[in-house]
Amino acid sequence: MIQVSNLSKRYGNFTAVDDISFNLRKGEILGFLGPNGAGKTTTMRIIAGYLSATQGNVKVSGYDIFDQPQKVKSNIGYLPELPPLYHDMRVRDYINFCGKIKGLKRGRERSKRLRYVIERCSLEEVQNLHIHKLSKGYRQRVGLAQALIHNPPILILDEPSAGLDPHQIIGVRQLIRQLAGEHSILLSTHILPEASLTCDRVLIIGRGKILAEDTTEKLTGKLKGSDTVRVFLRGGPEDLLQRIKSLAGVLEVREQKSEGRSKDQLRQFDISYELGKDRRGELSRALVETGAELLELRPQAMTLEEIFIKITSKESA
Amino acid sequence: MRNIIAIFWREYKSYFVSPIAYVVIGVFLILVSNRFIYKFNDFVQMSFMSTAQAVNTQGLIPKFSINDSVIRYVFQNIRNVSLFLLPMITMRLFAEERRVGTLELLLTSPLTILQLILGKFLAAFALFLTMVLPTVSFSFYLFQYGNPDLGPILTSYAGIIFYGIAVISVGLLISSLTENQIIAGALTFGAFLFLWIVGRVGETTVTIWGKLANYLSITAHFEKFAMGIIDSRDVVFYLSLAFIGLFLTYQAIYSLRWR
């Protein structure tokens, strides 16, 4: 849906976006992940046609953004970081106005879409209120409604959950997930768990460059080198550590020790084994055979935070 | 065309949602009609007195032109008062959109910049017309109680329209250059004052600079309209000023993409 190739944007000597290329596929949610100032917003603004690029080109649904900007713009629904709202307008009038300028010419078609997006973004209660009276969560949803009104195949959402409370974040996240079937979505965030929860694929970007691109699962796999499970046990022999170590395929075992542990307290082990070989079955059997009570065994996925720190620190080193 | 109308309506309505429209129109009408009443009163008194004098001295009854002594004055007054009030109409047009971020919405919608500019320009112009329209009622009183010449009234309104087009496009340009309404307002006000005062300089000198200064004066070009003459030079001046204003606005908005 979107093909970005060798895109660069320079402000004088400062390079905000440095030769990046990526694709957005149909129906997927692509997460644009990076610290503040990494060039996420700039890239999105270029695709949406608000800024021009210094170099490179972008194709949206087959149209070049420099040759056919109007075509591209009618294919994109764009929600900037700060929702572009006219505070003196009523929610309904505002969305209707957006429909007009985004090419919904016929009144009947527009009111149909209007009803649909108001329902979709749960704005029924506030549709006749002035926007300046709305809470941040509602404003964000009005912004989203604005992006959806002309039923664009592509949505570009710049930090859609920034500044919302946890409840609202869940709401917006669910809404975005629901939209993914009909629309291809490019969304940016600097909140890592959000990317792993909502996105099919993640692009990690730092200082204007793409540092990694993959599904969240694969990214985790690539960086780890081994799989880790964490087990909680009660009891068991004193030389448990050695016994686990001697099991086939186990690379490393660490026991998390806490001071002054009484005998029946939990013992925690982190056990690493070779990547891609699931040893959980054998492991649990072996542990039970030692006489310990196996209370919990859970695979440790590397969180995006860890990936992120690993990648960005590798870059600066 | 639909896009222009959409932009136009939103902008025009927003003038009336905020107090701007009411304040500007109210102030304008108070100042202008106040001068009209005084002038009209003076004229009536003066004609009565001189008629009475003529009757007493068996002389000729003098004829005063209501066009020259009331109407022309009132139109000059409309022109001057609107020069002070128009910055308040134009200052927010682009500055506010830039500050709030809604310009991002407009520029990422499938609109052309020209449609955007024309919609906004027409909205400000329509508000200007809304402001001037009630003064048509002055003519009603003049026709009711006097016998004015219709021609100069019509040409004066034509002059007001051309003048409004030119002044608003300059205001629109300045509004597109900054994110701050107050700065836009102050600069617009300064620019208008300059274009007014520059004519005064021209009056007293006969050098080429003096003539140029006189030519640049947005107020001086209005004089002939008020006298009932439509001079193509004045029309060309106003329209070319409007064209330059709108053209540079286009460039200013277009160049935002390169920042």
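These are my notebook entries on a predicted model with chains A and B.

**Chain B, overall**

I started with chain B and looked up its secondary structure: twelve helices and zero strands. Read from the N terminus, every element in the run is therefore an α, as the order α-α-α-α-α-α-α-α-α-α-α-α shows. I then checked the extent of the chain, and its C-alpha atoms fill a box of roughly 80 × 45 × 30 Å along the principal axes. Of the 259 residues in chain B, 38% are buried. I also looked at sequence separation: among chain B contacts between residues at least 6 apart, 78% join residues at least 24 apart.

**Where A meets B**

Next I went to the contact between the chains. Chain A puts in 20 residues and chain B puts in 19 residues. On the chain A side, the elements giving two or more residues are α2 (69-75) and α3 (91-101). I sorted that side of chain A by class and got ten nonpolar, five polar and five charged residues.

**Nonpolar cores**

Which residues have the most contacts inside the largest nonpolar core? I found A:Y94, A:A145, A:I156, B:A124 and B:A166, in a core of 133 residues. Helix α8 (residues 150-175) of chain B gives the most to this core, with twelve residues. I followed up on B:A166: leaving out residues up to four places away in sequence, B:A166 touches B:I218, B:Y238, B:L241 and B:A242. Apart from the big core there is another one, of seven residues, including A:V231, A:I244, A:Y273 and A:L287. A background note to myself: in soluble globular proteins, nonpolar side chains tend to be buried together.

**The sheet in chain A**

I traced an open sheet of four strands in chain A, with the order β2-β1-β4-β5 and antiparallel pairing. β2 (14-24) and β5 (63-64) are at the edges with a single partner strand each, so one side of each has no neighbour in the sheet. I looked closer at one edge: β4 (residues 55-60) pairs with β5(A) in the antiparallel sense over two bridges. There, A:V60 has A:Y63 as its bridge partner. Helix α1 (residues 40-48) of chain A lies across β1 (2-11), β2 and β4, and runs at about 120 degrees to β1(A).

**Helix α5 of chain A**

I did a length check on α5 (residues 136-148) of chain A. With 13 residues at 1.5 Å a residue, the helix should span 18 Å, and its end C-alpha atoms are 18 Å apart, which agrees. Is α5(A) mostly covered or mostly uncovered? It is mostly covered, with eleven of its 13 residues buried. Among the buried ones are A:Y138, A:R139, A:R141, A:A145 and A:L148. I looked up what covers them, and the list includes β6 (76-79), α3, α4 (107-120), β7 (154-158) and α6 (166-179) of chain A.

**Two positive phi values**

Last, I picked out two residues other than glycine with positive phi. A:N6 has phi near 50 degrees and lies in strand β1 of chain A. I count A:N6 as partly exposed, because it has 13 other C-beta atoms within 10 Å. A:E159 has phi near 45 degrees and sits in the loop between β7 and α6 of chain A. With 22 other C-beta atoms within 10 Å, A:E159 is buried, since the cut-off for that is 20 or more.

Methods: Residues are numbered from 1 along each chain as its sequence is written. Chains are lettered from A and ligands numbered from 1 in the order in which they are written. This is a predicted model: local features need pLDDT of at least 70, side-chain atom pairs count only at pLDDT 80 or more; totals for chains, interfaces and linings use all residues. Two residues are in contact if their C-beta atoms, placed from the backbone, lie within 7 Å. Ala, Val, Leu, Ile, Met, Phe, Trp, Tyr, Cys and Pro count as nonpolar, Asp, Glu, Lys and Arg as charged, and the others, Gly among them, as polar. A residue is buried if 20 or more other C-beta atoms lie within 10 Å of its own, exposed if 12 or fewer, and partly exposed in between; C-beta atoms are placed from the backbone. A nonpolar core is a set of buried Ala, Val, Leu, Ile, Met, Phe, Trp, Tyr and Cys residues joined through C-beta atoms within 7 Å. Two strands pair if DSSP finds at least two bridges between them. Axes are lines fitted to C-alpha atoms, for helices over the stretch in contact, and angles run from 0 to 180 degrees between N-to-C directions. The expected span of a helix is 1.5 Å times one less than its number of residues.
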